[in-house]
Amino acid sequence: MTQAKMREINQLTLKELSLDAAKLWAQIEEATELGEEGKVEELLQNLMAIQDGMETKIDAIAWVVDQLNLDLEIWEERKARVVELHDQVISRRKTQLEKIKHTLIYLHEIGLINDKNIGKEREIEIRDNPPKVANLVVEVDDEDFPDEFRTIKYQANNKAILDAYKTGKDVSNVAEVTIGKQVRFKVRAGSKTRNKKD
């Protein structure tokens, strides 16, 4: 095979290589049926070159994925450190804000400031929050707890639905179960990369 042909193979995408390989198989079968031995041998050499190109492409794609995963890990770690730093600053600011509010409420409770405190441009008002339920005197599941104050929440048990589906039970009247595809990148058994790690 010429250098130009090899360069052409290296420039093709994995999809294009796969399509070329399928075409070559069809040509090999046709040439075999016609008894064209010389053509079969040439087609087989082309097919082997394409398969070699496909293997190189697959390794290159997997290498790019490895690099992207490594890059993602690094950026996730950086993000986590930045988030942690920002969370600390936010926490300090919230604590400062709460201390100011508690001090103002305390000063109001002991009578040192009024409900409305007027400044030159702003005012501070101390007022009641909306009422909230602090504690239940009777447990919700107690029979003495009035029904009018209960809420019943129903929620689908997705795990039970999937378990039933996996055992072959028809769950189509309850839920639509979908099965997606995923791509996995693995090191081949016996490859040079794996042997280096071992």
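In this predicted model, the elements of the protein chain follow the order α-α-α-β-β-α-α from the N terminus on. The chain thus comprises 5 helices and 2 strands.

Of the 198 residues in the protein chain, 12% are buried. The accessible surface of the chain amounts to about 18500 Å², and carbon and sulfur atoms hold 53% of that area. Among contacts with a separation of 6 or more, 35% join residues 24 or more positions apart.

The largest nonpolar core consists of 10 residues, namely L17, A21, L24, I28, A31, V40, L43, L47, I50 and M54. Two or more residues of this core come from each of α2 (14-34) and α3.

Helix α3 (residues 37-109) also contributes to the second largest pocket, where it supplies the largest share of the lining, 4 residues. The volume of this pocket is about 360 Å³. Its lining is formed by K101, L104, I105, H108, D115, E125, I126, R127, D128 and N129. By residue class, the lining of the second largest pocket divides as follows.

| Class of lining residue | Number in the second largest pocket |
|---|---|
| Nonpolar | 3 residues |
| Polar | 2 residues |
| Charged | 5 residues |

Helix α3 therefore has a part in two features under the element assignment used here: α3 gives two or more residues to the largest nonpolar core, and α3 provides 4 residues to the lining of the second largest pocket.

Conventions:
Residues are numbered from 1 along each chain as its sequence is written. This is a predicted model: local features need pLDDT of at least 70, side-chain atom pairs count only at pLDDT 80 or more; totals for chains, interfaces and linings use all residues. Side-chain values use heavy atoms; hydrogens and water are left out. On a 1 Å grid over the protein atoms alone, a cavity is a set of points where a 1.4 Å probe fits but cannot get out, and a pocket is an open set with protein on both sides within 12 Å along at least five of seven lines; lining residues have an atom within 4 Å of a point. Grid points are joined across faces, edges and corners, and a volume is the space filled by probe spheres set on the points. Ala, Val, Leu, Ile, Met, Phe, Trp, Tyr, Cys and Pro count as nonpolar, Asp, Glu, Lys and Arg as charged, and the others, Gly among them, as polar. Buried means under 20% relative accessible area, exposed over 50%, partly exposed in between (1.4 Å probe, protein chains only). Contact means heavy atoms within 4.5 Å. Accessible areas come from the Shrake-Rupley method with a 1.4 Å probe; for residues, only the protein chains shown count as cover. A nonpolar core is a set of buried Ala, Val, Leu, Ile, Met, Phe, Trp, Tyr and Cys residues joined through side-chain atoms within 4.5 Å.
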